[in-house]
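Thanks for coming. I will go through one structure today, beginning with the ligand and working outward.

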Amino acid sequence: MEFDGRFFSTCLLLAATILAAKLISAFIVPKSRKRLPPVMKGWPLIGGLYRFLKGPIFLLREEYPKLGSVFTLKLFHKNITFLIGPEVSAHFFKASESDLSQQEVYQFNVPTFGPGVVFDVDYSVRQEQFRFFTEALRVNKLKSYVDQMVAEAEDYFSKWGPSGEVDLKYELEHLIILTASRCLLGREVRDKLFDDVSALFHDLDNGMLPISVLFPYLPIPAHKRRDQARKKLAEIFASIIASRKSANKSEDDMLQCFIDSKYKDGRQTTEAEVTGLLIAALFAGQHTSSITSTWTGAYLLTNNQYLSAVQDEQEKLMEKHGDRVDHDVLAEMDVLYRCIKEALRLHPPLIMLLRSSHSDFSVTTREGKEYDIPKGHIIATSPAFANRLGHIFKDPDRYDPDRFAVGREEDKVAGAFSYISFGGGRHGCLGEPFAYLQIKAIWTHLLRNFDLELVSPFPDIDWNAMVVGVKGKVMVRYKRKELSVNQ
Ligand code: HEM
């Protein structure tokens, strides 16, 4: 009997334990598992890597229709979770650095930008350095940069003959290096050291390869050239800064702004920091702007409706302001603005933005599905994919600058993160106004002074580049003209 009683209570305990375990597993474990994002199928090691390296956009095009706006790719020991579309990406853009950080995922920039700046420093210092950028790009500064942009464009295109054929991509790349040198790196570089400095920047550029993202310090020739170039640039800027300081000379450029910048504790920027910040500015702004200028041209020259519209706008502005092109005149060019913005929607040069997650968070898709994303994941979003979502942008693959006009405003249709060519939120691009002014200044000059015709096929996208741009040449036939209007 005693045995029976013990046996009975043991059975009861066992049954209760099993029931409790079942309840826990039914309500807790699977619930949290159920809420994890779906995982991309395939061989986790090679399969995912192969598809990722083939091009993240191709991967997104295949997986988004199957898995939806939130899914995870397992790559080696890492989980990369994609958040695609404004409904799920708000946290990506708004989260604090302690929740979603840039530092780890953008570490590969450190050997290029150099020590002591941007992703090599704590967030508190980086924030202060981004304040220096903000100050260097304020409207009063932009006004003087615009005068330099306009002068550079006039000078550059004065070298074109009365008519001819050019590779527009090559021409705009060169013009933008010259303009960036003038506005950002300063008069000394632009006037005396341009060839040396642009050769060094070329080596820095070529030292940033897809392999550098995974292994930034791999001892390959491209990385060695990058490191030597960085050293020489540091020497050149140290001597320019010293000579400005000793002559007590001040200029209207970003170099001067960085020299004059001070941290909250009163400390001045060092020469090495100034060099690093200038390199970062050039990397952020040079290819992105030249690529966008080229796409803008390719679309305008294949869309008569919009080419006429931007030309009409130029004529109206000339009636109002004469030949004057300055910050305020450029600011009035709404049609040209929309044409650039639409080229940039279809072809954002930064196709993938990344963060590293340090805390769990949840997202809700537009279909109402909730997912929990555990800390430790790499979080990715893609301007190139999100900018073509059919539920945000009508007929998304069509070049239609009017989609941004008053009344349609598709870039705001699902809130602030509907259009993300410049990122947004906490780390939104600080150079956006500079970029628009630069591209507008160039196209204003071209539209007023040349008849242009695209003579090569509409260009393809070069998905292999780190900053994704235009593949091959963009051949344009030009004929000089003079846009004259009655004032
Ligand atoms: C068409 C031209 C440009 C495009 C498409 C572009 C795009 C972007 C994007 C997508 C981001 C966000 C990166 C992220 O969230 O991870 C960004 C950030 C940034 N951009 Fe640009 N950019 C352009 C031009 C420029 C220029 C001309 C400058 C400066 C001269 C600049 C300076 C910056 C800086 C400093 C940041 C970092 C902001 C932060 O993290 O707080 N950009 N840009």
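Which helices and strands each supply at least two residues of the shell around the ligand? They are α7 (123-136), α15 (271-300), β5 (353-357) and α20 (432-449). Helices here are DSSP runs of H or I with at least four residues, strands are runs of E with at least two, and both are numbered from the N terminus.

Before going on, the basis. This is a predicted model, in which local features need pLDDT of at least 70 and side-chain atom pairs count only at pLDDT 80 or more, while totals for chains, interfaces and linings use all residues. Residues are numbered from 1 along each chain as its sequence is written, and side-chain values use heavy atoms, with hydrogens and water left out.

Now the shell. A residue is near the ligand if one of its heavy atoms lies within 4 Å of it. There are 25 residues around the ligand, and Tyr 106, Arg 355, Ser 421, His 427 and Cys 429 come nearest. By type, the shell has 13 nonpolar residues, ten polar and two charged. In that count, Ala, Val, Leu, Ile, Met, Phe, Trp, Tyr, Cys and Pro are nonpolar, Asp, Glu, Lys and Arg are charged, and the others, Gly among them, are polar.

Next, the iron. What donor does the protein give to the iron atom of the ligand? There is a single one, Cys 429 (SG), 2.3 Å away. Donors are N, O and S atoms within 2.8 Å of the metal, or 3.2 Å for Na, K and Ca; water is not among the atoms, so sites may look incomplete. Cys 429 sits in the loop between α19 (383-386) and α20.

Oxygen atoms of the ligand also have polar contacts, meaning pairs of N or O atoms within 3.5 Å. The side chain of Arg 355 has a polar atom 2.8 Å from a ligand oxygen. For His 427 the distance is 3.0 Å, and for Gln 102 it is 3.5 Å.

On to α15, which gives the largest share of the shell, five residues. Of its 30 residues, 25 are buried, that is, under 20% relative accessible area with a 1.4 Å probe and protein chains only.

Last, β5. This strand is largely enclosed by the rest of the structure, because four of its five residues are buried. Two bridges join β5 to β3 (residues 100-101), and the two run antiparallel. Strands pair if DSSP finds at least two bridges between them. Four bridges join β5 to β8 (residues 378-381), again antiparallel.

Methods
Polar contact = N/O pair within 3.5 Å; in protein donor to acceptor, adjacent residues only side chain to side chain. Buried < 20%, exposed > 50% of the residue type's maximum accessible area, 1.4 Å probe, protein only.
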